[in-house]
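Trainee: I would like to learn how to read a structure like this one. Could we go through it together, one feature at a time?

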Amino acid sequence: MTKDSSAAATADARPHHALDAEMVLEHLGVERHAGLTRPEAELRLERFGQNALPPPRRRGPLLRFLLQFHNVLIYVLLVAGVITALLGHLIDSGVIFGVVVINAIIGFVQEGKAESALDAIRNMLSLNAQVLREGHRQELEAVSLVPGDIVFLASGDKVPADLRLIETRSLRIEEAALTGESLAVEKRVAAVDEAAALGDRVSMAYSSTLVTYGQGVGVVVATGAQTEIGRISTMLNAVETLTTPLLRQLAAFGQVLTWAILGIAAVAYGFGVLVRDYAPGEMFLAAVGLAVAAIPEGLPAIMTITLAIGVQAMARRHAIVRRLPAVEALGSVTVICSDKTGTLTRNEMTVQQVLTADGVVEVSGAGYAPQGGFSAAGQELALAECPVLEDIGRAALLCNDANLLLEDGHWRLVGDPTEGALLTLATKAGLDGAFEREALPRTDVIPFESEHRFMATLHHDHQGGGRVFLKGAPERVLSLCSSARGMQGEVPIDADVWQAAMDSAAAQGMRLLAVAERACVDGVSAISFDEVEQGGFCLLAVLGLSDPPRDEAVKAVARCLSAGIRVKMITGDHIATARAIGQQLGMGEQVRAMTGAEVETLDEQALIAAVGDTDIFARASPEHKLRLVEALQARGEVVVMTGDGVNDAPALKRADVGVAMGRKGTEAAKEAAEMVLADDNFASVAAAVEEGRRVYDNLKKAIVFILPTNIGQAGMIFFAVLFGLTMPITPAQILWVNMITAVTLALALAFEAPERNIMQRPPRSPAEPLLTPFLIWRIVFVGLLLVAGGMGLFLWETARGESLEAARTAAVNAVLIGEVFYLFNVRSFRDSILNREGFFGNRYVLLAIALLLLSQACFTYLPLAQTLFGTAAIDADAWLRIFAFGGLLMLVVEAEKALLRMRSR
Ligand code: ATP
């Protein structure tokens, strides 16, 4: 970083990475242990602006509008418009150009809407930072950071601004976003050479990079556009396009289709002129009509909007999609692997049992409120009767990073719920947090990580005596203990007795946590893993914490099971606890469970075989998650995996849909995930799956609705050419039909609610094409019905001696009214719609129909429309026949559905 690029200028000419940390603090005018004051921070915010990267450069509106014309079909239409004009059909040509422009406007508006919907969703994922201000550590939105702010970093965090590090503890940062190097860099406080390259400036932490390990503190030296990442503008231009693999496939298919249709139109032209003796000019118009009729111009816009509406609906149900392809994958999910704590359970922990060397002590009270007492064997227990409770409370209180605040009579937890429960326990045991922390200040800590499953802290009293407190998973802690503390002092550990007590607590679904302590030799001011692992601890207690399942998770699990989706719990907790919670969640009476250690003994093939009918993986770590995802995928499953930690990132990336927790999840996990849960709730995953299925259904419905119109109109022209008849419909009229169905009827399908049985049918196979043979049949079948109706009514009117214009008007209206009735059919692929819900279930459908009828009245009777489109007024009899045809079409399709249902039964 050069001096002038940094938001806060330093007096020394050297860049921040080459200066001593103290010097940087001094230059930035900030006190290391107090941080900035609020007024100072406000001043600086005004001066340096928000800590936000400039928004990605978007295509301008003009370019976006022009791009709407960049499409083979539009080129064809434009050429056709020019030739039509040269042939002297000025009105037809004008209509063609007009419709092309209107189509572009529709596409432009819909795309804009879809994009702003997605932008709004992305903004829901704001970044927070832990900052020291006015002497207090607080959580602030990263946008409000200013140069001089002291920021705390922990593993999993995304660095919120460019920082000069002033403290590090095994801090490792992955800077791929900046340098492209995916190996994490070990960071240190010491200044580095002035000329060091970006990747070698280990005394700095740069905005947007990820902390993969350890902790650190740094002072903000640059924010927003002044940061290193802010200056790499190329990166920021990478805007995600509104597409998914499926839509790309469709677009490619559309190209091929366009050329094929042009080929067919050319052949039809040759056949018409050479065999049927049509005049070349007339036949050219017919061929253009055929091409225009057959190509579904409106489809891409409908697909995009359906996708955007789906993503919005998911966000309303607390599932924020970060990558659009996930929407598609969600629809075909077969297995959901979920964390337990906080996702399936409420994460409101309360210590209910204290297992001591003298027996089990029950704890009363609920939640974090410190009201409650102790009892043993049904008898209330005074604190004096059980002095070990005080030791337990002290260890629980000091080996703890959480904080409980009393706000408006409610206890609010800041930190890990497991630790919050321990604070409450300590207060119930009569201890005062402030006093204990003052008497035994903490000198060092090994923070809790899921990998090692314990936390240790080193404390010294004011006489120099040291103590190490240890808490963690019982197997881990017990193996480091050589004795236990009871009423009679230190006693040997009777492994069987402890095990029996723990088994019984775990079988009730309780989460177990052991606490222990050890004196430490004088003069030690830091603890290392090795020292802790030397053992020699005295076990104080094993605590049983209740964490009941969430009610909505129980329901969601049932919904998933009925939808043919298996739910697997992957947890760091004990196997017995996990099994009990699994049963409470309704995962089955005899759920099969396995531990991470067992997973390790299996090779790839054995794991693939075992993973199928094992529903619970306990004491599992992030590496196991990755192996499990791979094994499930090898079985052909489509896997959702949830996660929150830094080390979950590989599994989240590997899963078909990686899901990160919005609240307790680290930025690293969110970055790796396709979807983020705003409420960390399993029920939201199930809701997203349901929405995913709905979006996929609605995409299919849009296609199944639109394509018959194309077949119908193209078929009519083809039929006319084949038999040498007058054209029943003109190119301008065809464009009108396609445009008006796309903006009214088809659009209504994007808002279609999920079908009633959407979560009762098995997942769609990912290999299944969008258009199954059944759907192709439905499209062709309805297309042919429209040909029959349109052609039939055209000939009927002609036979009645009506003008060509009136006959064509009848044909166009027949196709559109047929579509109106068919729209009801499409609302369900197989179920009958001949009921209240079928007709009135989607108000957008009714609105769209009203709009369509209104525009058809204009199309038929308005003199201007009559001149433009060559239409003429038709009489009531003609309308009667048109509606009769529409009604008949609907009944025929319903009859076909009924037949299908009978056959499948
Ligand atoms: P998941 O969220 O994946 O379902 P989990 O949250 O239950 O799992 P971890 O947080 O990895 O799993 O916890 C595993 C074990 O580590 C717990 O059963 C508990 O014994 C212990 N443990 C949990 N939190 C702490 C902590 N803050 N300090 C010490 N030990 C802890």
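Trainee: How do the residues of the shell around the ligand divide into nonpolar, polar and charged?

Mentor: Welcome! Keep in mind that this is a predicted model. To read a binding site, sort its residues by chemical character. Here the shell has 6 nonpolar, 5 polar and 10 charged residues.

Trainee: Which residues come nearest to the ligand?

Mentor: There are 21 residues around the ligand, and Lys340, Thr341, Arg511, Leu512 and Asp573 come nearest.

Trainee: What contacts should I look for there?

Mentor: Look for pairs of N or O atoms within 3.5 Å. An oxygen atom of the ligand lies 2.7 Å from a backbone N or O atom of Lys340. Thr341 offers a polar side-chain atom, also with a distance of 2.7 Å to a ligand oxygen. For Gly572, a polar backbone atom is 3.0 Å from an oxygen atom of the ligand.

Trainee: How much of the ligand does the protein bury?

Mentor: Taken alone, the ligand exposes 620 Å², and 92% of that is buried by the protein.

Trainee: Which strands each supply at least two residues of the shell?

Mentor: Those are β18 (466-472) and β21 (511-520). The largest share, 3 residues, comes from β21. You can also ask about domains: domain 4 (319-345 + 551-680) and domain 5 (350-546) each give the shell at least three residues.

Trainee: Let me step back to the whole protein. What does the domain assignment give?

Mentor: Besides domains 4 and 5, the assignment includes domain 1 (3-54 + 128-230), domain 2 (61-114) and domain 3 (300-314 + 689-754 + 768-904). A plus sign in those bounds joins separate stretches of the chain. To place two domains relative to each other, compare their centres: the C-alpha centres of domain 1 and domain 5 lie 36 Å apart.

Trainee: And what are the overall numbers?

Mentor: The protein has 34 helices and 28 strands. Its C-alpha trace spans about 115 × 70 × 55 Å along the principal axes. Of its 905 residues, 55% count as buried.

Trainee: Now a helix, please. Why does the span of α4 agree with what one should expect?

Mentor: Count 1.5 Å a residue: the 15 residues of α4 (residues 72-86) should span 21 Å, and the end C-alpha atoms are 21 Å apart, so the two agree.

Trainee: Which residues of α4 are buried?

Mentor: A general idea helps with such lists. An α-helix has 3.6 residues a turn, so residues three or four places apart point the same way. In α4 the buried residues are Val72, Leu73, Ile74, Leu77, Ala80, Gly81 and Thr84. Ala85 also has its place in α4, but it counts as partly exposed because its relative accessibility is 25%. Just after the helix, Gly88 takes a positive phi of about 95°.

Trainee: Why is α14 described as largely enclosed by the rest of the structure?

Mentor: Count its buried residues: 11 of the 12 residues of α14 are buried, so the rest of the structure largely encloses this helix. Among them are Pro417, Glu419, Leu422 and Lys428.

Trainee: What happens at the start of α14?

Mentor: There, a side-chain oxygen of Asp416 reaches to within 3.1 Å of the backbone nitrogen of Thr418. After α14 comes Gly430, with a positive phi near 90°. For its length, α14 (residues 417-428) reaches 17 Å from first to last C-alpha, close to the 16 Å expected.

Conventions. Residues numbered from 1 in each chain as written. Predicted model: local features only at pLDDT ≥ 70, side-chain atom pairs only at ≥ 80, totals over all residues. Heavy atoms only, no water. Near = heavy atom within 4 Å. Polar contact = N/O pair within 3.5 Å; in protein donor to acceptor, adjacent residues only side chain to side chain. Areas by Shrake-Rupley, 256 points an atom, 1.4 Å probe, with all protein chains shown as cover. Helix = DSSP H or I, 4+ residues; strand = E, 2+ residues; numbered from the N terminus. Nonpolar A, V, L, I, M, F, W, Y, C, P; charged D, E, K, R; others polar. Domains from an automatic or database assignment. Expected span 1.5 Å × (residues − 1). Buried < 20%, exposed > 50% of the residue type's maximum accessible area, 1.4 Å probe, protein only.
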